[in-house]
Amino acid sequence: MTPNERFDQDVKRDVQARVREGVKAVLEEVLEEEMTEHLEAGYRELTPTRRGERNGHYTRNLVTPAGRIERLEVPRDREGEFLTEVFERYKRMTGDVEEAVLEMYLSGISVRKIAGVTEALSRVKVGKDAVSRIVRRLEEQQRAWQERSLKEKAYPYLYLDATYLKVRWGASVTSMALLVCVGVDEEGFREVLAVEVAGSEKGAAYTSLLRGLVDRGLKGVRLVVSDDHEGIKAAVAGELPGVRWQRCVVHFERNVLSHVPASAMGEVAEDLKAIFKVRREKTAQALAEEFAELHTKRFPKAVSVFEAGIGDALTYLGYPGIHHARIRTTNMLERLFKELKRRTKVVGVFPNETSAQTLATEIALRSSEEWALKRYLAMNTFETVEKPNPQLSRH
């Protein structure tokens, strides 16, 4: 390359950088105006119609026709209700396109076909080098995310569960467990804390996951929500001593009803659900005793399962009533897994563990970014957790 060509290239890069800086400034102004409109009040402005308060900023990257804008500052309101239209305008050129490239690449589609598809989607032709850059950049970002410190804030609630993905192992195909941990922080926002591929859901896998979180500074955990998995319970007891465990109510109900004939399932299910509609432990305990007494003769196995697990299924009653609906089940993780399955379906069988974890992590992080826009729980009502009721704690 001649000196003149190098000079021209440097000038071009400098101009592009300045354009991106200008676009970033304009976008941040638009975002602030959107927040002002949402709150019906400017920064520190007191008006009769004010609808809430600002709560700082979070950063995200955004791909635009001017190039990739790094660390765009997005305002956040205290109630977590602010949603911007800016990202929708660029959505087809941001995460969706990168995920599409990743999905196509991992499923073995040729780079030539990827270029054609991405050009049709976003008028941006993604060639071989671009595919490599996208995959490499995502892997680097994920590595930094996996190693990031968790010391800045506390996570009172943790949700743990796993789903399975098909991965090629030598000449055969096997199911690999994808372990996911989501935390709710002290301000009530959800955040994906860990995504790990493991050979199975054995206790050692969950122990390793929790130990990694603790080593990175995880603190303030008061409750772990999961299904009735011995590996999870052992890992929680070993790595988070003193932290209480909530058995997912939906899984618990299914376990009990699996021992009830179809003809009586509706009746028993109604009695079972009534226990989890109350907010006081004494009332729940009375209803639990009534349930056992009413059904023990007809369905002894179902009642045996019920009595063995009802204490762990009612742990949530020792926490703020406003949190009950969201801390007694792992439904939030089930919805995340449903999205993971939908997005990974196009790949079918992953060629290796790394490709499975890379795509699954990226999809999970997209959800985490969306969660950052809306508060999940109101934590200002967090009360002191009561000591476990011995009559409701049959382990």
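Strands β4 and β5 form a hairpin with five residues between them, and glycine 188 in that turn has a positive phi of about 95°. In this predicted model, the two strands of the hairpin run antiparallel and are joined by eight bridges. They belong to an open sheet of five strands, and helix α13 lies across β3, β4 and β5. The points below cover the sheet, the helix pairs and two buried charged residues.

**The sheet**

- The strand order of the open sheet is β5-β4-β3-β6-β7, and its pairing is mixed.
- The edges are occupied by β5 (190–198) and β7 (244–247), each of which has a single partner strand, so one side of each is left without a neighbour in the sheet.
- On average, neighbouring strands of this sheet are turned by 25° against each other, direction ignored.

**Pairing of β3, β4 and β5**

- Strand β3 (residues 157–169) runs antiparallel to strand β4 (residues 172–184), and 13 bridges join the two.
- Within this pairing, arginine 168 has valine 173 in β4 as its bridge partner.
- On the hairpin side, where eight bridges join β4 to β5, leucine 179 stands opposite glutamate 196 in β5.
- Although β5 stands at an edge of the sheet, the strand is mostly covered, with eight of its nine residues buried.

**Helix α13 on the sheet and against α14**

- Helix α13 (residues 331–344) runs at about 20° to β3 as it lies across β3, β4 and β5.
- The axes of α13 and α14 cross at roughly 130° and come within 10 Å.
- That angle makes α13 oblique to α14, and the crossing of the two helices is right-handed.
- On the α13 side, the contact is made by Met332, Leu336, Glu339, Leu340, Arg343 and Thr344.
- The α14 side contributes Leu359, Ala360, Ile363, Ala364, Ser367 and Trp371.

**The α8–α11 pair**

- Helix α8 (residues 249–257) packs with helix α11 (residues 300–313) at an angle of about 165°, and their axes are 9 Å apart.
- The two helices are therefore roughly antiparallel to each other, and α8 and α11 make a right-handed crossing.
- From α8, the residues Val249, Phe252, Asn255 and Val256 take part in the contact.
- They meet Ala302, Val305, Phe306, Gly309, Ile310 and Ala313 in α11.

**Glutamate 239**

- Glutamate 239 is found in helix α7 (residues 230–239).
- The residue counts as buried because its relative accessibility is 17%, where the limit for buried is under 20%.
- The side chain of glutamate 239 is joined to that of arginine 211 by a polar contact of 2.8 Å.
- Apart from neighbours within four places in sequence, glutamate 239 is in contact with Thr207, Leu210, Arg211 and Val214.
- Arg211 thus appears both in the contact list of glutamate 239 and in its side-chain polar contact.

**Arginine 366**

- Arginine 366 has its place in helix α14 (residues 353–371), the helix that α13 crosses at roughly 130°.
- With 17% relative accessibility, arginine 366 counts as buried.
- A polar contact of 3.0 Å links the side chain of arginine 366 to the side chain of glutamate 362.

Definitions and conventions
Residues are numbered from 1 along each chain as its sequence is written. This is a predicted model: local features need pLDDT of at least 70, side-chain atom pairs count only at pLDDT 80 or more; totals for chains, interfaces and linings use all residues. Side-chain values use heavy atoms; hydrogens and water are left out. Two strands pair if DSSP finds at least two bridges between them. Helices (H or I, at least four residues) and strands (E, at least two) are DSSP runs, numbered from the N terminus. Axes are lines fitted to C-alpha atoms, for helices over the stretch in contact, and angles run from 0 to 180 degrees between N-to-C directions. Contact means heavy atoms within 4.5 Å. Buried means under 20% relative accessible area, exposed over 50%, partly exposed in between (1.4 Å probe, protein chains only). A polar contact is a pair of N or O atoms within 3.5 Å; within protein, one must be able to donate a hydrogen and the other to accept it, and residues adjacent in sequence count only if both atoms are side-chain atoms. Angles under 35 degrees count as roughly parallel, over 145 as roughly antiparallel, 65 to 115 as roughly perpendicular and the rest as oblique. A crossing is left-handed if the near helix is turned anticlockwise from the far one by less than a right angle, and right-handed if clockwise.
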